[in-house]
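Biologist: I should like to go through this model and ask how each description is justified. Please show it, and then let us begin.

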4 protein chains.
Amino acid sequence: MRDNHWKIIQFGKLPKLNNPVFIEGLPGIGNVGKVAVDFLIDELKAKKLYEITSYTFPHSVFVNEDNLVELPIVEVFYKELKGKRDILLLGGDVQPIDEISSYEFSEKILDIVEKFSGNEVITLGGIGLADIPKKPKVYCTANTKKIIERYKSDLVSNNLYGVVGPIVGVSGLLLGLATRRNIEAISFLAETYGHPMYLGIKGAKEILKVLNKNLDLKLDISKLDREIKDIEKEIIKKTEQLSEVTSQIALKKLQKKLGKDVDYIG
Amino acid sequence: MRDNHWKIIQFGKLPKLNNPVFIEGLPGIGNVGKVAVDFLIDELKAKKLYEITSYTFPHSVFVNEDNLVELPIVEVFYKELKGKRDILLLGGDVQPIDEISSYEFSEKILDIVEKFSGNEVITLGGIGLADIPKKPKVYCTANTKKIIERYKSDLVSNNLYGVVGPIVGVSGLLLGLATRRNIEAISFLAETYGHPMYLGIKGAKEILKVLNKNLDLKLDISKLDREIKDIEKEIIKKTEQLSEVTSQIALKKLQKKLGKDVDYIG
Amino acid sequence: MRDNHWKIIQFGKLPKLNNPVFIEGLPGIGNVGKVAVDFLIDELKAKKLYEITSYTFPHSVFVNEDNLVELPIVEVFYKELKGKRDILLLGGDVQPIDEISSYEFSEKILDIVEKFSGNEVITLGGIGLADIPKKPKVYCTANTKKIIERYKSDLVSNNLYGVVGPIVGVSGLLLGLATRRNIEAISFLAETYGHPMYLGIKGAKEILKVLNKNLDLKLDISKLDREIKDIEKEIIKKTEQLSEVTSQIALKKLQKKLGKDVDYIG
Amino acid sequence: MRDNHWKIIQFGKLPKLNNPVFIEGLPGIGNVGKVAVDFLIDELKAKKLYEITSYTFPHSVFVNEDNLVELPIVEVFYKELKGKRDILLLGGDVQPIDEISSYEFSEKILDIVEKFSGNEVITLGGIGLADIPKKPKVYCTANTKKIIERYKSDLVSNNLYGVVGPIVGVSGLLLGLATRRNIEAISFLAETYGHPMYLGIKGAKEILKVLNKNLDLKLDISKLDREIKDIEKEIIKKTEQLSEVTSQIALKKLQKKLGKDVDYIG
């Protein structure tokens, strides 16, 4: 673990949480997970607990509406729900840039889950299809059969084996690495359109219904479409900006390649 | 050595092995080595000794038939063979992702060989041809002339020099790095079809014949074709899943490149 | 922080600087920032304070006019301005090669700013357009609203939000990372032509006007075009040389790919 | 410095060398430097002093004429020349795989030079032209004017500035990094054909003439063409093998990219 590549800043006092469920929704296919978690953070009025930056995130800053710069960050929020299990939420701008960083990041997140004696992790994501799905199905996979049983319902229509390939990135690794810590973990993946600029709002809605029912969140699903407009705006802005970073790098490399072609030394 | 990038979990008590031969068969050309070792593990009813995971393996999880996730792993099994030399077997889902990890992994494996006072390593692999070979030949190379002499037979028709290039990855490095530890090491490489989706079962069979004869394993070679059906299914599943990971990454990069093309800052 | 990848050599005695402003101008789009800072170093007769080399810079040496080799370097200069705030200037041949190095480098630079109790950082760069701009506009963004207010003038016509994407590399990271150290930081970005061989001298001029006015530098802007001839020559030489390095590497890789196509082992 | 990535094995007792000149010739453009140094090692009957292997070298093994595997290595030889300055020679199969490794390796080599109180380093290389040169010119560059003066002769027709770009890799870095240790260093670069499979024997000959004259080596230049046949054979073999490694990797990546194109998760 290259600890000095990671910076975790805590906001406010450490809350005492009641048997919290940890829910992850970072950028990914259709940003399905991110849309769902960002909505939960807003709608539940969750409080910010941690801000994570890392040398393994893209080496650039965003410019926000106030014309101020922001480093790419990942954040953890929490919500105390009286009489029910509390909730921890993981959202953010980016995922780590490479394999090793992705493992390191997932371990750090599970450290946080353990800090609050959490024993349940839910990760959210999308399944990219070649066409826009009319009514996206939600699939699940997990690291124990028990947690699949607990979340079984008519909203989760299918199991994931055979439908698609492996789960890449933090949404997958959190499940795999949680096993060793005896933390149960499940992933809900909604169908979405596989185009990188498509925002999987419909898929996110289906996932939110699953969470709403199982965790008894009393979300006003009707508010969803309105709220999502703001989230959409911000996500599209940042996604565009990040594609530009990548495209700049690609462009520069290409131009350098084409720029010169003879007389070299070695 | 970035020790914290590697996790080795031991299963059961450490056995006392009698002068064990260590046999490696990880994914590679035609998965020849993997098919052979996976068959040996099944057929010899070998016991699991170590499970190895690493931050240098792909950052994704597989979904298995029970709809449960699995981290990519590499495993070491052992088999006690009364009155004969015992056997250690190395199989798994993946090889490390880059050069440095490949060296580190190979050193860790040789540490295990030394732990059991092993003085012989056998690595298995394929030689990719442009066409499907009817009767695949088995070639060998090694780190001492003595071990080549010991394994000489009419089943190993040729020596490798001049036939092909270097041996890439763990199958090669184990031989090269074993020299320094005074461990003799030999590699058996069977001809196979060089297409990435082709499973080199015929080649694996030829290699199994070599091992069966030399190590007196009393394998029922007739069972081979039946058994291999199950192995095949699992390997193809995982190989497909891993290609998808790579193709996703490639696709995303490409889409990002094409997504935007003007107005950039630096 | 991989400290042994970085070497910072100090020249002369450490000066006592009066509330210094730190100005960065490294290679980037149109080399706008580099042209501006190199002019400031010459024109203000700034003194060299630090020379920075790094294992994360390109692994090559330049050949200079005296036929002597030079490692790629980044330099910090200072200028004492009686009765006014002193100035620190950061210029050089290159930026670090990857994300992690870029973060590490930016932190090391901010360490230098803090060493002199600096509380203001200015980074300079270009905005690449599809065509050559006749009268390049200068945009700004920052990490506090206060610093934007202080540098507001009719020379800085626009704010950056919505115009372009994120700010990539050291010019962006210095702003983002300065926030945590309570250092105010602003970036001035001038429009320029996005072609990699185009030198954004006009854009650099517009930025120099902004600095001249705000920092009361009493620069003879008329000298600019003459002076810039020498700077131009050196920059073009080094940029060409660096493109060659990249193109060599690309070329070699391509040639290797195409060189062989059958019979491989693994 | 990632010290555990490097392994240096010493052969025999440490000799006491008289003010040794250190000469480098690793693989590069046209393998000009390698051909020259390999000839010197043979012709001077130099003794092996160090064998260097590294996790930053390609992760593969060569198969030699005896059908035995060999890790990619770099070697240091020495030759005591009575009444004259002794000589250290650096040759080998490969260069480190990336920027950071290239810097690290060059520092380790300069540590060896200092161990023998060496104060002069000579690096050898090629300048790739678009056509095969009939009579290759030898150019030089260095880290001090003094050493250029010392090696001036009608055999070294030109200085390097303006002719070509930067010197990439170990041949360049040794010069740049030697400056800080007050070691004088010069590079001789001979014109050669820029095709990756072309062996720059003519260029190597011209460089050998320079060394023969300046260091009074009493080489039998007439032997050169004969000797070189063996060297050629071995170099071509290893170069082919290494291209294959790279081409395999490229091929696999390409096949994976093309293998699958829909339904992905994240």
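Biologist: Which residue follows helix 2 of chain D, and is its phi positive or negative?

Modeller: The model is a predicted one. Helix 2 of chain D is followed by D:Ser117, whose phi is positive, near 55°.

Biologist: How do you know that the span of helix 2 of chain D is close to what is expected?

Modeller: Helix 2 of chain D covers residues 99-115, which makes 17 residues, and reaches 25 Å from its first C-alpha to its last. The expected span, at 1.5 Å a residue, is 24 Å, and the value of 25 Å is close to that.

Biologist: What is found at the start of helix 2 of chain D?

Modeller: A side-chain oxygen of D:Asp98 reaches to within 3.4 Å of the backbone nitrogen of D:Ile100. A polar contact requires a pair of N or O atoms within 3.5 Å.

Biologist: What makes helix 2 of chain D mostly covered?

Modeller: In helix 2 of chain D, 13 of the 17 residues are buried.

Biologist: Why is helix 4 of chain D called largely enclosed?

Modeller: Helix 4 of chain D, residues 170-178, has nine buried residues of nine, and therefore it is largely enclosed by the rest of the structure. Among the buried residues are D:Val170, D:Gly172, D:Leu175 and D:Ala178.

Biologist: Which strands does helix 4 of chain D lie across?

Modeller: Helix 4 of chain D lies across strand 4 and strand 5 of chain C, together with strand 11 of chain D. The helix runs at about 70° to strand 4 of chain C.

Biologist: What is the order of the strands in that sheet?

Modeller: The order is 5(C)-4(C)-11(D), in an open sheet of three strands with antiparallel pairing. Strand 5 (69-70) of chain C and strand 11 (167-168) of chain D are called edge strands because each pairs on one side only.

Biologist: How do you know that strand 4 and strand 5 of chain C pair?

Modeller: Pairing requires at least two bridges. Two bridges join strand 4 (residues 60-63) of chain C to strand 5 of chain C, so the requirement is met. The two strands run antiparallel, and C:Val63 stands opposite C:Val69.

Biologist: What is the order of the sheet that holds strands of chains A and B?

Modeller: The order there is 11(A)-4(B)-5(B), again in an open sheet of three strands with antiparallel pairing. Its edge strands are strand 11 (167-168) of chain A and strand 5 (69-70) of chain B. Helix 4 (residues 170-178) of chain A packs on this sheet, and its direction makes about 70° with that of strand 4 of chain B.

Biologist: Why is strand 6 of chain C described as largely enclosed?

Modeller: Five of the six residues of strand 6 of chain C, residues 74-79, are buried, so this strand is largely enclosed by the rest of the structure. Strand 6 of chain C is joined to strand 3 (residues 47-54) of chain C by five bridges and to strand 7 (residues 87-92) of chain C by six. Both pairings are antiparallel. C:Lys47 stands opposite C:Tyr78, and C:Glu75 stands opposite C:Gly91.

Biologist: Why is the pair of A:Lys48 and A:Glu51 called a salt bridge?

Modeller: The limit is 4 Å between a side-chain nitrogen of Lys or Arg and a carboxyl oxygen of Asp or Glu. The N to O distance for A:Lys48 and A:Glu51 is 2.8 Å, so the pair qualifies as a salt bridge. Side chains of opposite charge can pair when their charged atoms come close.

Biologist: Are A:Glu51 and A:Lys48 buried or exposed?

Modeller: Buried means under 20% relative accessible area. A:Glu51, at 18%, is therefore buried, whereas A:Lys48, at 25%, is partly exposed.

Biologist: What makes B:Arg181 and B:Glu107 a salt bridge?

Modeller: The N to O distance for B:Arg181 and B:Glu107 is 2.8 Å, so this pair also satisfies the limit of 4 Å. The pair links distant parts of the chain, as B:Arg181 and B:Glu107 are 74 residues apart. B:Glu107 counts as buried because its relative accessibility is 10%.

Biologist: How far apart do C:Glu206 and C:Lys209 lie in helix 5 of chain C?

Modeller: C:Glu206 and C:Lys209 are three residues apart, about one turn of the helix. Their closest N and O atoms are 3.2 Å apart, so they form a salt bridge. C:Glu206 is buried at 12%, and C:Lys209 is partly exposed at 30%.

Conventions:
Residues numbered from 1 in each chain as written. Chains lettered and ligands numbered in written order. Predicted model: local features only at pLDDT ≥ 70, side-chain atom pairs only at ≥ 80, totals over all residues. Heavy atoms only, no water. Buried < 20%, exposed > 50% of the residue type's maximum accessible area, 1.4 Å probe, protein only. Helix = DSSP H or I, 4+ residues; strand = E, 2+ residues; numbered from the N terminus. Expected span 1.5 Å × (residues − 1). Polar contact = N/O pair within 3.5 Å; in protein donor to acceptor, adjacent residues only side chain to side chain. Contact = heavy atoms within 4.5 Å. Axes fitted to C-alpha atoms, helices over the stretch in contact; angles between N-to-C directions.
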